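This briefing covers the overall make-up of one protein chain, its nonpolar cores, a surface patch and a few individual residues. Please read it alongside the sequence and coordinates.

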Amino acid sequence: MNASEKPIRFAVVGCGHIGKRHAEMITQHPEAELAALVDVRHHRDLKLDGYNVPFYRSLDDMLHASPDVDVVTIATPNGLHAAQAQQCLEANKHVVIEKPVALRRQDAEQVLHKALSRRRDVFAVMQNRYSPPSAWLKEIVESGVLGKIYLVQMNCYWNRDERYYTTGSWHGDRELDGGTLYTQFSHFIDIMYWLFGDVTQIEARLMDFNHQHLTDFEDSGFVSFKFLNGGMGCLNFSTSVWGSNLESSITVIAENGSVKVGGQYMDKVEYCHIRNYTMPELAPTNPGNDYGAYKGSAQNHNYVVDNVVNVLRGRATITTNAMEGLKVVDIIERIYKAANLEQADQPVQRTIDYPRAQPLKVLKDTDSFLSAPVNGVRRVYP
């Protein structure tokens, strides 16, 4: 950064695990500055003593009090992302949106339209793209090393139990969480779309094996589809794994060979056998985010902050733009529709105002369809 250049000033909205991760990466970047933190909860309940920046209890208050903020990072419950992003764009701020950018395609489209009209950038957080195995897959697919793609299988088998779906949390709530594909596995759907493009002819079956008392939606599913660019694929997923995460893997069968990237977080190349090709040595992969009782995707948020700074300095293009974030939402929405999870005409009335994902029907292991929360209680984000 030149001495005459001011740092890029960030505000982080939502100070849970991921929000704090963003705040940490911002403070460590030489060209970025953490200017504000926002959360509806009280400062003393959030363990934010290490951050000597203004703290606000509402997004409105921050936008009015900190007009010199350049970028707002949104790390709130999923169902709030789209409306908060539009509010920040309306205030002429660039926005970084944790996955997913929205819970409905039409809401993601509104974010994109607002960004275009305000000439501001939207950065969708899909940090798994930065993992060395993912970047290597991108290179061998786009360069034609693999040739024609025949078959892609993606397996995501994680643990999410009562240690994650705690009482009073937004996790598991249909309208704030959205579903397993939005919260747990949208990173991997993004990788699939990034590598192979859009999908069609989707068939899906979703089940709820052991989360009836914890969530309002499925915990497992089988999904099959065809790629518009050729080849076919499937996604198998579950959060019903006992104890800890089992794997996140992708296997590719192609004209010139086969590869498999596995491990718990698609962090290891487990198989590579390609005609006239020698596997290069890849850089180490960052470990998954560790939340104590459960673990998440790779700790690559430093690359996200770096990309924002470089784009705003005119040195790079956006790694995951608003249109790509929209496509992930679109694919997930089509998967749910293919599984006969048709959205209801009207959202369920709640006690706070935010954009809502529509109520979904969930196929239970008893082969009955339920249209209301299975635990009979609706949790409200405090």
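**Nonpolar cores and residue environments**

The largest nonpolar core holds 75 residues, and those with the most contacts inside it are Met62, Leu146, Leu181, Phe196, Leu235, Ile250 and Val252. A second core, separate from that one, has 21 residues, including Ala23, Met25, Leu46 and Val309. The model is a predicted one.

**Overall make-up**

- The protein contains nine helices and 17 strands.
- Of its 382 residues, 55% are buried.
- The exposed area of the protein is about 16500 Å², and carbon and sulfur atoms supply 49% of it.
- Taking contacts between residues at least 6 apart in sequence, 68% join residues at least 24 apart.

**Core background**

- In soluble globular proteins, nonpolar side chains tend to be buried together.
- Ile250, one of the residues with the most contacts inside the largest core, touches Leu137, Val152, Gln153, Met154, Leu195, Phe196, Val259, Lys260, Val261 and Met266, when neighbours within four places in sequence are left aside.
- Phe196 appears both among those contacts of Ile250 and among the residues with the most contacts inside the largest core.

**Ile274, a buried strand residue**

- Ile274 belongs to strand β13, which covers residues 268-274.
- Ile274 counts as buried because its relative accessibility is 7%, under the 20% cut-off.
- Beyond its neighbours within four places in sequence, Ile274 is in contact with Ile140, Val145, Leu146, Asn256, Gly257, Ser258 and Val259.
- One of these partners, Ser258, is 16 residues from Ile274 along the chain, with a C-alpha separation of 6.2 Å.
- Val259 is a contact of Ile274 and also a contact of Ile250.

**Surface patch and Leu151**

- Tyr150, Leu151, Met232 and Ile253 make a nonpolar surface patch of about 350 Å².
- Within strand β7, which spans residues 149-157, lies Leu151.
- Leu151 has 33% relative accessibility and therefore counts as partly exposed, as this value falls between 20% and 50%.

**Thr317, an exposed loop residue**

- Thr317 sits in the loop between α8 (301-312) and α9 (322-338).
- Its relative accessibility is 66%, so Thr317 counts as exposed, the cut-off being over 50%.
- Not counting residues up to four places away in sequence, Thr317 touches Asn307 and Val311.
- Thr317 and Asn307 are ten residues apart in sequence, and their C-alpha atoms are 7.8 Å apart.

Technical notes:
Residues numbered from 1 in each chain as written. Predicted model: local features only at pLDDT ≥ 70, side-chain atom pairs only at ≥ 80, totals over all residues. Heavy atoms only, no water. Helix = DSSP H or I, 4+ residues; strand = E, 2+ residues; numbered from the N terminus. Buried < 20%, exposed > 50% of the residue type's maximum accessible area, 1.4 Å probe, protein only. Contact = heavy atoms within 4.5 Å. Core = buried A, V, L, I, M, F, W, Y, C linked by side-chain atoms within 4.5 Å. Patch = residues over 30% accessible without salt bridge, like charges linked within 9 Å, V, L, I, M, F, W, Y side chains within 5 Å. Areas by Shrake-Rupley, 256 points an atom, 1.4 Å probe, with all protein chains shown as cover. Salt bridge = Lys/Arg side-chain N within 4 Å of Asp/Glu carboxyl O.
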